[in-house]
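Here is a short briefing for a first look at this structure. The points below are grouped by topic.

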Amino acid sequence: PPRPVDLAVAAVAEGAGWTDPSAYVRALGDRAGRGGVAIETNTAVALGPRPGAKRHIRVGDDGADGDPAAETRAFDAVVVAAGAHARSLLADAGVSVPVVPYRVQALVTQTDYDGPMVYDATADAYLRPHPDGLLAGDGTEPVPADPDDYRREADDWFREDLAGALDERLARGDRLDGGEGPDRGERVDRGIDDARAWAGLCTATPDGDPLVGPVDSEAGDPTLFVAAGWQGHGFMRAPAVGEVVAEGVLASLAGAAFDGPESPWIGAFDPTRFGSDRFDGDEAFEIVEGMSLSNRTEEE
Ligand SMILES: Cc1cc2nc3c(=O)[nH]c(=O)nc-3n(C[C@H](O)[C@H](O)[C@H](O)COP(=O)(O)OP(=O)(O)OC[C@H]3O[C@@H](n4cnc5c(N)ncnc54)[C@H](O)[C@@H]3O)c2cc1C
């Protein structure tokens, strides 16, 4: 269990839980399929023009113009939820969104752990039980990453930092070999050096809130929507946001204003809130890791 001895302040989230992301995504996909949704995987898409009321997309091996296998399809509405590629995908349609990818890291080590999910705000690290032992992470690299060319292996400094954080946070007795815990100050071997570790991309926005809603309203009725920029929290928000997007797209297609009284869209997530006068795609902004106590409390 976590060691409570040196905690000055702690908060307990009674309803917190964790899940297996890929199993959950498969389950949601199956459910959507049963509801009549056609799902095409491994199919690259590129945004095309909007010649009339419909938005064209190119679907093909690489979504490219010159691809002989590519075909054009027309839709009433297209939602770009392309994660780290959302910005470049939308740029092809002339839409600029401040969604910048950055690396975060995680690892799974075979230390038994059946305690609660923990976020250590001092060490900037989290840990939770995992079917193979313990999953821990953060390892945020707060600089822009290229979604087509970034380092997928975890960094040595990440393993080192995390080994220290786990030593701080976990009871001394949690040793791989089940032996007695060493004295304070001596590192416990939790198999961090051999742990399966990786880096993935999250997406930052200038204010840490996502961009969810229509992005081409000024050209008439909207046909193009975005749902991106989760600042590391897109998985847990996906079920609720999915419902907002579904209802919001239908409302927008029916002519409802984004900020109308009955609008399902969330005002704080307005994708046009930064304005093309404030953001035309090249400006840099500070990437703040999503799991942080300071970035919100200092603003308020
Ligand atoms: C190590 C790590 C730990 C995380 N932990 C958590 C957590 O504990 N809780 C949490 O809520 N979130 C967590 N996240 C963040 C979470 O993974 C993301 O917020 C979430 O996956 C975003 O979902 P998405 O569908 O918007 O984008 P993605 O999951 O990135 O999916 C976008 C999809 O679009 C596809 N795509 C891109 N371009 C094209 C194209 N041109 N044509 C067709 N398809 C395209 C991509 O292949 C991809 O499948 C973590 C992320 C990482 C890396």
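S9 gives the most to the shell around the ligand, with 4 residues. Keep in mind that this is a predicted model. The shell has 21 residues in total. None of them is charged.

**The shell around the ligand**

- Four elements each supply at least two residues of the shell: strand S1 (44–47), strand S5 (100–109), strand S9 (196–204) and helix H4 (234–253).
- The closest of the 21 residues are Val45, Gly232, Gly234, Phe235 and Met236.
- By class, the shell holds 14 nonpolar and 7 polar residues.

**Polar contacts with the ligand**

- Trp230 uses its side chain: a polar atom there lies 3.2 Å from an oxygen atom of the ligand.
- Gly232 uses its backbone: a polar atom there is 3.0 Å from a nitrogen atom of the ligand.
- Met236 also takes part through its backbone, where an N or O atom lies 2.8 Å from an oxygen atom of the ligand.
- On its own, the ligand has 1000 Å² of accessible area, and the protein covers 57% of this.

**The sheet that contains S1**

- S1, a strand that supplies residues to the ligand shell, also belongs to an open sheet of 3 strands.
- The order in this sheet is S1-S2-S3, and the pairing is antiparallel.
- S1 and strand S3 (71–75) stand at the edges; each has a single partner strand, so one side of each has no neighbour in the sheet.
- On average, neighbouring strands of this sheet are turned by 30 degrees against each other, direction ignored.
- Strands of a sheet pair through backbone hydrogen bonds, either parallel or antiparallel.
- S1 and strand S2 (residues 55–60) run antiparallel and are joined by 4 bridges.
- Val45 has Val59 of S2 as its bridge partner. Val45 is also listed among the closest residues to the ligand.

**Two residues with positive phi**

- Asn42 lies in the loop between H1 and S1. Its phi is near 50 degrees, a positive value in a residue other than glycine.
- Is Asn42 buried or exposed? Asn42 is exposed, because its relative accessibility of 84% is over the 50% cut-off.
- Gln231 sits in the loop between strand S11 (224–228) and H4. Gln231 is not a glycine, yet has a positive phi of about 50 degrees.
- Is Gln231 buried or exposed? Gln231 is buried, because its relative accessible area of 5% is under the 20% cut-off.

**Pro210 and Val12**

- Pro210 is found in the loop between S9 and strand S10 (211–214).
- Pro210 has a relative accessible area of 0%, so this residue counts as buried.
- Pro210 and Val226 are 16 residues apart along the chain, and 9.5 Å separates their C-alpha atoms.
- Val12 comes in the segment before helix H1 (21–34).
- Val12 has a relative accessible area of 72%, so this residue counts as exposed.
- Val12 and Met117 are 105 residues apart along the chain, while their C-alpha atoms are separated by 9.8 Å.

Conventions
Residues numbered from 1 in each chain as written. Predicted model: local features only at pLDDT ≥ 70, side-chain atom pairs only at ≥ 80, totals over all residues. Heavy atoms only, no water. Near = heavy atom within 4 Å. Polar contact = N/O pair within 3.5 Å; in protein donor to acceptor, adjacent residues only side chain to side chain. Areas by Shrake-Rupley, 256 points an atom, 1.4 Å probe, with all protein chains shown as cover. Nonpolar A, V, L, I, M, F, W, Y, C, P; charged D, E, K, R; others polar. Pairing = 2+ DSSP bridges. Axes fitted to C-alpha atoms, helices over the stretch in contact; angles between N-to-C directions. Buried < 20%, exposed > 50% of the residue type's maximum accessible area, 1.4 Å probe, protein only.
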